[in-house]
Amino acid sequence: MMFDQVPTALSGVFMLLPIVRKDERGSFTKLYHADCFAQMGMNRPVVEQYVTSSHKGVLRGLHFQKPPHDHDKLVTCLSGEVLDVVLDLRRQSPTYGQHCCLRLNGEARMQVFVPSGCAHGFYTLSDQAELLYSVSSVYNPEYDDGILWHSAGIDWPDQFPLVSQRDQEFQAFADFKSEF
């Protein structure tokens, strides 16, 4: 196996630790392998990728896409360190309404698999961090949604992070009616 799979407190959410090979030239890391990921239950194809770059104290999230444009996400920390958060929005899940917090760092190329029906966000702990998102559906602004970052009982490291206007206007978790 090219990845160590680490379960989290949420059903179907797990952290992946890829093998980072280092030598005098630098490093080499395989971030994705379709057959390997299918064996772990990640069967939806990657159809879009994007990268975020954030400064220390930035909080992004909690984001998701609603059906029928919902997607699985594979989030990879390329540089820096973040507190990564996943919130379960799946009504039939045994962990509905619960969240998990994971520290991801770029040196180890740490990844988290976020299945459809979960909201995702992160807080930048280092001076700068870059995250790579590999998703199973193309972004559709009409189905883009989120949960207000401070409304789901998450213990963020900062009570006054830098948050976009859009993220500040999301609905509170208590008011959310899940379509998942």
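1. The lining of the largest cavity is made up of eight nonpolar, two polar and three charged residues. This note concerns a predicted model, and the points below address its internal cavities first and its aromatic pairs afterwards.

2. The volume of the largest cavity is about 90 Å³. Its lining comprises 13 residues, and those nearest the centre are R44, V46, D72, L74 and F113. Two elements, strands β7 (73-79) and β12 (128-135), give two or more residues to this lining.

3. The count of cavities of 30 Å³ or more comes to two. The second largest cavity has a volume of about 50 Å³. Residues F64, Q65, D70, H71, K73, V114, P115, S116, G117 and C118 form its lining. By class, the lining of the second largest cavity divides into four nonpolar, four polar and two charged residues.

4. Eight aromatic pairs are present in the structure. In one of them, the ring centres of F64 and F180 lie 5.8 Å apart with the planes at 75°; the pair is therefore edge-to-face, since an angle over 60 degrees is classed in that way. F64 belongs to strand β6 (residues 59-65) and F180 to the segment after α2 (165-168), so the contact ties together parts of the chain that are 116 residues apart in sequence. F64 and F180 are both buried. F64 is also listed among the residues that line the second largest cavity.

5. A further aromatic pair joins Y96 and F173, with a centre-to-centre distance of 6.0 Å and 40° between the planes, and it is tilted. This pair also links distant parts of the chain: Y96 is in the loop between β8 (81-88) and β9 (99-105), F173 is in the segment after α2, and 77 residues separate them.

6. Are Y96 and F173 buried or exposed? The relative accessible area of Y96 is 32%, so this residue is partly exposed. F173 has a relative accessibility of 16% and therefore counts as buried, because the cut-off for a buried residue is under 20%.

7. Ring pairs also join F3, Y32 and F37 into a cluster.

8. For a reader inspecting the model, two places may serve as starting points. One is the centre of the largest cavity, where R44, V46, D72, L74 and F113 lie nearest. The other is the edge-to-face pair of F64 and F180, in which both residues are buried.

Technical notes: Residues are numbered from 1 along each chain as its sequence is written. This is a predicted model: local features need pLDDT of at least 70, side-chain atom pairs count only at pLDDT 80 or more; totals for chains, interfaces and linings use all residues. Side-chain values use heavy atoms; hydrogens and water are left out. On a 1 Å grid over the protein atoms alone, a cavity is a set of points where a 1.4 Å probe fits but cannot get out, and a pocket is an open set with protein on both sides within 12 Å along at least five of seven lines; lining residues have an atom within 4 Å of a point. Grid points are joined across faces, edges and corners, and a volume is the space filled by probe spheres set on the points. Helices (H or I, at least four residues) and strands (E, at least two) are DSSP runs, numbered from the N terminus. Ala, Val, Leu, Ile, Met, Phe, Trp, Tyr, Cys and Pro count as nonpolar, Asp, Glu, Lys and Arg as charged, and the others, Gly among them, as polar. Rings of Phe, Tyr and Trp (its six-membered ring) pair if their centres lie within 6.5 Å; planes under 30 degrees apart count as stacked, over 60 as edge-to-face and the rest as tilted. Buried means under 20% relative accessible area, exposed over 50%, partly exposed in between (1.4 Å probe, protein chains only).
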